[in-house]
Amino acid sequence: MVRAQRRLVLIRHAKSAWPEGTDDFHRPLADRGLADAPRVGKWLRKNLPGIEVVLCSPARRTRETWQLAGAEVPASPTVQFDERIYQGSADDLLSAIRGLPSTSLTAVLVGHNPGLEELLSLLTGEPAELKTGSIAVLATSAAWSAAGKQWANVDTFARPRD
């Protein structure tokens with residue numbers, strides 16, 4: 001039996017602003033983030049056109065990042081806003097991943113640091129840095145429900161910018 005190749009795409013939100021009087025959850029994208037987020041989508045369109053599901057933090061900057069990036073993606077993936085992703089630890093993010101539909105082969109998680117970097121290190125066994133607007137593509141033949149220590153390999157790192 002051939003096992004399906006799964007891809008987990010980790011995206012750190014694009015550069016955000018911090019307007020006076022705005023709490024962390026409601027921070028919008030900065031001008032640079034507004035320019036970079038569509039570039040993330042164009043990179044996804046070129047390199048991973050078959051995205052089936054997106055797990056996104058409900059924070060404003062992550063929602064805006066996916067809205068702008070997702071507009072560039074040809075598929076219409078199911079988008080789920082998951083509270084566990086906002087300020088989530090690696091374990092919180094792992095719990096969200098384990099709940100992905102078993103039939104999905106390509107999933108995106110749009111989130112924040114330090115949780116994303118901790119998750120990336122946990123899943124691959126390698127330290128990594130995810131700056132704003134960065135993408136890490138992980139590959140595995142294991143089920144989503146089995147996600148854990150050294151579950152995947154890094155396939156690609158990208159930071160789409162002009």
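## A pocket, a helix and two cores

The largest pocket has a volume of about 160 Å³. A pocket here is an open set of points on a 1 Å grid over the protein atoms alone, where a 1.4 Å probe fits, with protein on both sides within 12 Å along at least five of seven lines; lining residues have an atom within 4 Å of a point. The volume is the space filled by probe spheres set on the points. Of its 16 lining residues, His-13, Arg-61, His-112, Asn-113 and Pro-114 are the closest to the centre.

This is a predicted model, where local features need pLDDT of at least 70, side-chain atom pairs count only at pLDDT 80 or more, and totals for chains, interfaces and linings use all residues. Residues are numbered from 1 along each chain, and side-chain values use heavy atoms, without hydrogens and water.

Next comes helix α4, residues 115–124 (helices are DSSP runs of H or I, at least four residues; strands are runs of E, at least two). Its buried residues (under 20% relative accessible area, 1.4 Å probe, protein chains only) are Gly-115, Leu-116, Leu-119, Leu-120, Leu-123 and Thr-124. They fall within an arc of 140° seen down the axis, so they line one face of the helix; the arc is that of the directions from the helix axis to the C-beta atoms. Elements that cover these residues include those below.

| Element | Residues |
|---|---|
| β1 | 6–12 |
| α3 | 90–98 |
| β4 | 106–111 |
| β5 | 135–140 |
| β6 | 153–158 |

The largest nonpolar core has 25 residues. Such a core joins buried Ala, Val, Leu, Ile, Met, Phe, Trp, Tyr and Cys residues through side-chain atoms within 4.5 Å. Its largest share, five residues, comes from α3.

Note on methods. Buried means under 20% relative accessible area, exposed over 50%, partly exposed in between (1.4 Å probe, protein chains only). Contact means heavy atoms within 4.5 Å.
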